[in-house]
Amino acid sequence: MTTRRMTYREAVREALRESLTRDKRVFLMGEDVNRYGGAYACSLGLPAEFGDERIRDAPLSESAFVGAGIGAALGGMRPIVEIMTINFSLLALDQIVNSAATLRHMSGGQFSVPIVIRMATGAGRQLAAQHSHSLEGWYGHIPGIRVLAPATVADARGMLWPALMNPDPVVIMEHATLYNEEDELPTEGDMSVDIGKAAKRREGADATVIAHSACVKKALDAADMLASEGINCEVIDLRILRPLDDETIIASVRKTHRAIIVDEAWRSGSLAAEISSRITEQAFYDLDAPVARVCGAEVPIPYPRHLELAALPQPQSIAAAVRKAMRR
């Protein structure tokens, strides 16, 4: 099998190109996606290939253009709506929660809303508090939507088309620090991935480290550090934040008997708290240590580099939590 090397950003762009080519109902809409190529250059060059009608710049009004996307989906189109950052998505929360997520239920199954909403999330680029938060757990709370968090280049390439084929709203969270990550992908063939299952990124027998998005790489770095100490961690990449893949999570915890959850979001009321509860409910008697959480500091994400790093989970803090669970 021949491969080529590409960045996460290029993988998103190729996935957009594939979707626009395969289905003429697909169009991309968002702030600066046409003339500027998007806030993270994911749609750069696509207007020349697909035209202004299908790569549409939107005004600075998240509620308006997400609402327009929902209307287009109801009318039979397959819109992809790009929001610059998850912080700004709060301006469209009414449209997402009260319209997109509810219309199937409120119409007795008569209407579905096949819209894909992409948004950048996370900290690590010194963009300060209004551009850096991790609110994935808020979206994971909402029934009626599917929430995806591609942590790898392959998932960034392979999640979009299956998301567009889903009859209900799908929100894709792309961590802003991942756009420059590189990996090898096959040159040809179907790149689609399963958007219903978590992935085991590393085998291990001593502890399960559960992470998503940019924290997966940090969890793997921590696992490498601990391997030199004789501790073998299993690393689970959640990939799908709603619905959570309980089967994969619980099977791993029953194997290793220890669970450490890594979540860049604030600890209180977090996705990590939900996963911790599920492990306690389903695998309490398999545990040899309390479930541990390594989360973001409960402050607005700071601008100074050293404070931003201090506010986020790091491989060292993940490794320390594993050692504590191992009583070392």
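Which residues lie nearest the centre of the largest pocket? The points below take up this question and then turn to the domains, the cavities and one residue of a helix.

1. The largest pocket. The model under review is a predicted one. Its largest pocket has a lining of 15 residues, and those nearest the centre are Gly124, Thr177, Ala214, Lys218 and Gln314. The volume of this pocket is about 260 Å³.

2. Composition of the pocket lining. Sorted by class, the lining of the largest pocket comprises 6 nonpolar, 4 polar and 5 charged residues. Two helices deserve mention here: helix 10 (215-227) and helix 13 (305-311) each contribute at least two residues to this lining.

3. The two domains. The protein chain is assigned a domain 1, covering residues 1-184, and a domain 2, covering residues 197-324. The centres of domain 1 and domain 2, taken over C-alpha atoms, are 26 Å apart. Contact between them involves 32 residues of domain 1 and 24 residues of domain 2.

4. Position of the pocket. Why is the largest pocket said to lie between the domains? Domain 1 (1-184) and domain 2 (197-324) both give residues to its lining, and the pocket therefore lies between them.

5. The annotated span. An unreviewed UniProt entry carries the annotation "domain: Transketolase-like pyrimidine-binding" for residues 6-181. In the model, the C-alpha atoms at the two ends of residues 6-181 are 8 Å apart. Helix makes up 38% of this span and strand 18%.

6. The largest cavity. How many cavities of 30 Å³ or more does the structure hold? There are 5 cavities of 30 Å³ or more, and the largest cavity encloses about 70 Å³ of space. Its lining consists of Val12, Ala15, Leu16, Arg118, Pro150, Asp155, Ala156, Met159, Leu160, Ile172 and Glu174. By class, 8 of the lining residues are nonpolar, none is polar and 3 are charged.

7. Elements around the largest cavity. Helix 1 (8-22), helix 8 (153-158) and strand 7 (170-175) each provide at least two residues of the lining of the largest cavity. Which element gives the most to this lining? Helix 1 does, with 3 residues.

8. The second largest cavity. This cavity holds about 50 Å³ of space. The residues that line the second largest cavity are Ala39, Tyr40, Cys42, Glu82, Ile83, Met84, Arg118, Met119, Ala120, Glu174 and Tyr179. Its lining has 8 nonpolar residues, no polar residues and 3 charged residues. Arg118 and Glu174 appear in the linings of both the largest and the second largest cavity.

9. Elements around the second largest cavity. Strand 4 (78-83) and strand 5 (116-121) each supply at least two residues of the lining of the second largest cavity. The most comes from strand 5, which gives 3 residues.

10. Ser276. This residue is found in helix 12, which runs over residues 271-283. Is Ser276 buried or exposed? Its relative accessibility is 14%, and because residues under 20% are classed as buried, Ser276 counts as buried. When its neighbours within four places in sequence are left aside, Ser276 is in contact with Ile261 and Val291.

Key:
Residues numbered from 1 in each chain as written. Predicted model: local features only at pLDDT ≥ 70, side-chain atom pairs only at ≥ 80, totals over all residues. Heavy atoms only, no water. Helix = DSSP H or I, 4+ residues; strand = E, 2+ residues; numbered from the N terminus. Buried < 20%, exposed > 50% of the residue type's maximum accessible area, 1.4 Å probe, protein only. Contact = heavy atoms within 4.5 Å. UniProt positions renumbered as here; feature names shortened; annotations may be inferred. 1 Å grid on protein atoms, 1.4 Å probe; cavity = no way out; pocket = protein on both sides within 12 Å on 5 of 7 lines; lining within 4 Å. Points joined across faces, edges and corners; volume = space filled by probe spheres on them. Nonpolar A, V, L, I, M, F, W, Y, C, P; charged D, E, K, R; others polar. Domains from an automatic or database assignment.
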